[in-house]
Amino acid sequence: MAVAMSSTCPGLYCGRTFVNQSFEGQCGVCPRGQRTNFEKICVKCTGSPELYDWLYLGFMAMLPLVLHWFFIEWYSGKKSSSALFQHITALFECTAAAIVTLLLNDPVGSLYIRSCEVKMLSDWYTMLYNPSPDYVTTLHCTQEAVFPLYTIVLIYYAFCLVFMMLLRPLLVKKIACGLGKTDRFKSIYAALYFFPILTVLQAVGGGLLYYAFPYIILVLSLVTLAVYMSASEIQSFKNLVAKKKRLVVLFSHWLLHAYGIISISRLDKLGQDLPLLALVPGPALFYLLTARFTEPNRILSEGGNGH
């Protein structure tokens with residue numbers, strides 16, 4: 001039976017808990033794991049994350065891993081043979097952190113998680129919508145209306161940092177013999193900088209990232225692929241296949257392209273969305289086919305000859 005709510009509880013995120021056919025407590029913030037329904041009654045979230053929610057969590061989980069790999073490669077250089085082991089260790093750290101985070105989330109002990117449906121951008125910023133029914137007293141109804149998409153990322157970053165501090169220093173100390181004593185730990189120092197940045201990014205811009213991450217993936221993957229191929233002087237298919245590392249980088253970017261396309265389309269209509277994946281090799285093929293026409297030395301020489 002529907003229960004009419006009092007006009008003293010007008011806030012979108014304020015409600016009262018309905019227990020044993022009666023309201024429990026005054027109007028205020030709903031307990032964690034609950035959010036208000038259209039009758040302003042706190043209701044427990046029993047749904048499961050949608051595909052787009054999982055893709056968002058996957059994007060946020062990939063950020064520290066990609067940054068780990070980037071700084072490991074940046075500071076290892078050509079003299080060190082330990083980069084591969086550090087890459088594997090970083091992957092293990094992030095994977096273990098993700099599994100532990102899922103197991104500790106409600107319901108505890110299961111990789112399944114329950115979640116509240118994300119309806120609008122304001123769901124991420126409930127602190128900005130505390131109502132004032134009498135224009136004097138403010139009802140503080142700040143809650144995680146997008147449970148658990150907001151806090152689960154922060155918990156994951158915390159476990160990533162813990163596992164990194166437990167495993168990486170020992171590994172680097174034993175196998176990074178090609179680096180100096182100060183250089184071998186620089187990738188770890190870099191992580192101590194980017195983890196706080198990622199935490200603030202999630203805390204402040206989580207809602208914006210939720211809606212923008214597919215386009216961020218596509219733009220960044222296209223830019224970084226073009227920069228890498230230009231820096232590596234890859235201008236033909238022969239240059240591309242000359243080293244296995246180049247193929248690994250190319251396929252990694254293709255996976256990111258596909259991830260971004262799937263996130264944008266959400267695969268709502270498989271018949272229309274799956275063919276879009278055929279566009280994944282497009283940027284790399286376009287670069288290889290046009291690179292020789294944009295080679296700086298050639299442009300300068302033709303300009304000097306008056307062509």
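Me: A residue is called buried when its relative accessible area is under 20%, so in this predicted model, what makes Cys94 count as buried?

Reply: Cys94 has a relative accessibility of 6%, and because the cut-off for buried is under 20%, the value falls on the buried side, so Cys94 is called buried.

Me: Why is Cys94 not counted as part of a disulfide with Cys160?

Reply: The closest cysteine sulfur to that of Cys94 belongs to Cys160, and it lies 4.2 Å away. A disulfide needs the two sulfur atoms to be within 2.5 Å, so a separation of 4.2 Å is too far for a bond. Looking from the other side leads to the same conclusion, because the closest cysteine sulfur to Cys160 is that of Cys94, at 4.2 Å. Cys160 is also buried, since its relative accessibility is 1%, which is under 20%.

Me: How do you know that Cys30 and Cys42 are joined by a disulfide?

Reply: Their sulfur atoms are 2.0 Å apart, and because the limit is 2.5 Å, the pair qualifies as a disulfide, one of the 2 that the structure holds. The two cysteines come from distant parts of the chain, with Cys30 in the loop between E2 and E3 and Cys42 in strand E4 (residues 41-44), 12 residues apart. The angle about the S-S bond is -80°, and the link of Cys30 and Cys42 is left-handed. Both ends are buried, because Cys30 has a relative accessible area of 4% and Cys42 one of 8%, and each value is under 20%.

Me: What makes the pair of Cys45 and Cys116 a disulfide?

Reply: The sulfur atoms of Cys45 and Cys116 are 1.8 Å apart, which is within 2.5 Å, so this pair also meets the rule. With 95° about the S-S bond, the link of Cys45 and Cys116 is right-handed. The link connects distant parts of the chain, since Cys45 sits in the loop between E4 and helix H1 (51-76), whereas Cys116 sits in the loop between H2 and H3, 71 residues apart.

Me: Why is the contact between Glu93 and Arg168 called a salt bridge?

Reply: In general, side chains of opposite charge can pair when their charged atoms come close. For Glu93 and Arg168, the N to O distance is 2.9 Å, and because the rule asks for a nitrogen of Lys or Arg within 4 Å of a carboxyl oxygen of Asp or Glu, the contact is counted as a salt bridge. Glu93 lies in helix H2 and Arg168 in helix H3, so the pair ties together parts that are 75 residues apart in sequence. Both residues are buried, because the relative accessible area of Glu93 is 1% and the relative accessibility of Arg168 is 0%, each of them under 20%.

Me: How do you know that Asp123 and Arg35 meet in a salt bridge?

Reply: Their side chains come to 3.3 Å, N to O, which is within the 4 Å limit, so the pair passes. This pair also links distant parts of the chain, with Asp123 in the loop between H2 and H3 and Arg35 in strand E3, 88 residues apart. Asp123, at 1%, and Arg35, at 8%, are both buried, because both values are under 20%.

Me: Is Arg32, which meets Glu144 in a salt bridge, buried or exposed?

Reply: The side chains of Glu144 and Arg32 meet at 3.4 Å, N to O, and the pair links Glu144 in the loop between H2 and H3 with Arg32 in the loop between strand E2 (22-29) and strand E3 (34-36), 112 residues apart. Arg32 has a relative accessible area of 51%, and because exposed means over 50%, Arg32 is exposed. Glu144, by contrast, is buried, because its relative accessibility is 12% and the cut-off is under 20%.

Me: What makes Phe92 eligible for a nonpolar patch on the surface?

Reply: A patch residue needs over 30% relative accessible area, and because Phe92 has 51%, it clears that cut-off. Phe92, which is placed in helix H2 (residues 83-104), forms the patch together with Val162, Leu166 and Leu167, with about 370 Å² of accessible area together. Helix H3 (residues 151-175) gives the most to this patch, with 3 residues.

Conventions:
Residues numbered from 1 in each chain as written. Predicted model: local features only at pLDDT ≥ 70, side-chain atom pairs only at ≥ 80, totals over all residues. Heavy atoms only, no water. Patch = residues over 30% accessible without salt bridge, like charges linked within 9 Å, V, L, I, M, F, W, Y side chains within 5 Å. Areas by Shrake-Rupley, 256 points an atom, 1.4 Å probe, with all protein chains shown as cover. Helix = DSSP H or I, 4+ residues; strand = E, 2+ residues; numbered from the N terminus. Buried < 20%, exposed > 50% of the residue type's maximum accessible area, 1.4 Å probe, protein only.
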